[in-house]
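User: I'm new to this structure and would like a close look at a single part of it. Could you walk me through the empty spaces and the residues around them?

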Amino acid sequence: MPDRFEITHKDVFGRIGKLDTPHGHIETPALLPVVNLNLMLIAPSEMRQFGAEALMTNAYIIYRSPRLRAAALSAGIHSLLGFDGPIMTDSGSFQLATYGDIEIHSEEIVAFQRDVGSDIGTPIDIPTPPDVAHDRALREIDVTVERIQEATRCCGTDMLLAAPIQGSTHLDLREQYAGLLSKLSADVYPIGAVVPLMESYRYADLSNVIMACKTGLALNKPVHLFGAGHPMMFALAVALGCDLFDSAAYALYARDGRYMTPSGTHKLKDLTYLPCACPVCSSGDRKLTERELAEHNLWVSFSELSTIKQAILDGQLWELVERRCRHPALLQALRTIQEGFASFEAIEPLKHSFIYTSTESAARPEVARYVKKLNRLDLTGRVLITTNRQKTRTMEHEFDTTLLVKAPFGPYPPELAETYPIGQSEVPDPDYASIKSAMKNLIEFIKSKNVEATFAYDEEWDHDALAELSSFATLLRL
């Protein structure tokens, strides 16, 4: 089967790509608004004006309605929805998770999705919730894999197949079965049963689940984060490698009077001003109808995806993630995934600049990459490492080599002062986090070299790490 997913630009694990379907391509990262034909605030035919290239709807709901089922089989699902772009269909797994059982087999619903002309079809996977026992998660994964294998035999040649990755919060199972599924003839790889994590703001656990799935999957596979529709978490999810999102949140939030922003959610009744310039909010009328609120939620969601795409093109996705992750749960998630930044460094593209936006910037992959390159530097004799060359110029003749220090990177030869990342970085006066990073890298560097080192430092570099450094370097406070 030809590769249907082409990646055009990358930053961190995020990428701009093109997923080809029978009804045109979807540029990723993309949001597929979920449409329920029995309960609509905005018609599918209107979705393109907000930026939607593709939609998602529930094939099981259509199948259960004799009227909708007949219309879909007769004219096709695109005619039924009045939308000529790509349509992805869900299988009833949500209803299975909610009610415990549904009256249709996986092969039947996959064949139905094929027959109505779905662009991306989904088998009935078992949505194992978070925190269940390992053996239960394993049993239910085996059922899901069996159904995916069945689906590959009955999905036809045109419809793309989604292969959901399950495993609850057991990271070993997520990684193991992501690797297994990536070898099957599937086209899209949704990460399933994560809505409970998002609803309870367990973004750190969600991030670990995404990273485990990405570790198992081949890097060229498109990843769908099932049920994710809030713009405040798009940047982090894209940076972790998610390409597709779907959600009915735009409408569900509107019915509850909730107003979405990239930094969180507000109750509309609590807002004196509308902090948005979308066509709905720019009218100046704060008394929005449910439909108008749903429109705003769509505008802000697609605007955020455009912001993310531009950040990928500019090589500044991590900077955007750090600005977005100000909600305490998202900030915890960002700090959690920093512990696994070694894998990010391996795929991090070359950049032209480094902008320090928060204390979390000190742990970015670019810093780890710099340290790797620094370790290639050979040193002999006596070495002076200084935070202020103006104050130490008169003593440089006493040393064989002089190195400077820049937070958060660490030591560097003066000859590299104008090169990336030292010269092409914008870092404010060093804070504790950036100095801690620089000192850690300095200590590891000096320990690895058999040299006589002197560290001459200014007052702001009076850090706890000086005690460790003093065991193999002379300290000189300037």
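Analyst: Here is a tour of the pocket and the cavities, followed by the strands and ring contacts that go with them.

One thing to keep in mind from the start: this is a predicted model.

Let's begin with the general idea. Rolling a probe the size of a water molecule over the atoms shows where empty space is left. In this model, the largest pocket holds about 1,400 Å³ of space. Its lining is made up of 48 residues, and those nearest the centre are Phe94, Val195, Gly227, Ala248 and Leu252. If you want to find the walls by element, look for S4, S5, helix H4 (93-99), helix H8 (195-199), S11 and helix H11 (249-255), which give two or more residues each to the lining of the largest pocket. Sorted by class, that lining has 29 nonpolar residues, 13 polar ones and six charged ones.

Now for the enclosed spaces. There are two cavities of 30 Å³ or more in the structure. The largest cavity comes to about 40 Å³. Around it you'll find Tyr203, Leu206, Ser207, Ile210, Met233, Leu236, Ala237 and Leu240. Helix H9 (203-216) and H10 each put at least two residues into that lining, and H9 gives the most, with four. Seven of the lining residues of the largest cavity are nonpolar and one is polar, with no charged residue there.

The second largest cavity has a volume of about 30 Å³. Val35, Asn36, Leu37, Thr57, Asn58, Ile61 and Ile62 surround this one. Here S5 and helix H1 (59-64) are the elements that each supply at least two lining residues. The mix is four nonpolar and three polar residues, again with none charged.

So which elements come up again as we look around these spaces? S5 is one: it gives residues to the lining of the largest pocket and to that of the second largest cavity. Strand S5 covers residues 55-58 and pairs with S6 in the parallel sense, over four bridges. Within that pairing, Leu55 stands opposite Ile87 in S6. In a regular strand the side chains alternate between the two faces of the sheet. You can follow this in S6 (residues 87-90): Ile87 and Thr89 point one way, Met88 and Asp90 point the other way, and all of them are buried.

Next, the rings. A search of the whole structure turns up seven aromatic pairs. In one of them, Phe50 and Trp299 have ring centres 5.0 Å apart and planes at 65°, so the pair is edge-to-face. This pair links distant parts of the chain, with Phe50 in the loop between strand S4 (30-35) and S5, and Trp299 in helix H12 (residues 290-314), 249 residues apart. Are the two partners buried or exposed? Phe50 is buried, with a relative accessible area of 4%, while Trp299 counts as partly exposed because its relative accessibility is 23%.

Phe234 and Phe245 make up another aromatic pair, this time a tilted one, with 4.8 Å from centre to centre and 35° between the planes. Phe234 belongs to helix H10 (residues 234-239) and Phe245 to strand S11 (residues 244-247), so the pair ties together parts 11 residues apart in sequence. Phe234 has a relative accessible area of 0% and is therefore buried; Phe245 is buried too, at 0%. Both elements have appeared already: H10 supplies lining residues to the largest cavity, and S11 gives residues to the lining of the largest pocket.

Elsewhere, ring pairs join Phe354, Tyr370 and Phe409 into a cluster. Some rings also have a charge over them. The charged end of Arg69 sits over the ring of Tyr63, 5.1 Å from its centre, and Arg382 lies over the face of Phe399, at 4.5 Å from the ring centre.

A last stop is Ser185, in the loop between helix H7 (171-181) and strand S9 (189-191). Is Ser185 buried or exposed? Neither label quite fits, because at 46% relative accessibility Ser185 counts as partly exposed. Its C-alpha atom is 9.4 Å from that of Arg153, a residue 32 positions away along the chain.

Notes. Residues numbered from 1 in each chain as written. Predicted model: local features only at pLDDT ≥ 70, side-chain atom pairs only at ≥ 80, totals over all residues. Heavy atoms only, no water. Buried < 20%, exposed > 50% of the residue type's maximum accessible area, 1.4 Å probe, protein only. Pairing = 2+ DSSP bridges. Phe/Tyr/Trp six-rings, centres within 6.5 Å; stacked < 30°, edge-to-face > 60°. Lys NZ or Arg CZ within 6 Å of the ring centre and 35° of its normal. 1 Å grid on protein atoms, 1.4 Å probe; cavity = no way out; pocket = protein on both sides within 12 Å on 5 of 7 lines; lining within 4 Å. Points joined across faces, edges and corners; volume = space filled by probe spheres on them. Nonpolar A, V, L, I, M, F, W, Y, C, P; charged D, E, K, R; others polar.
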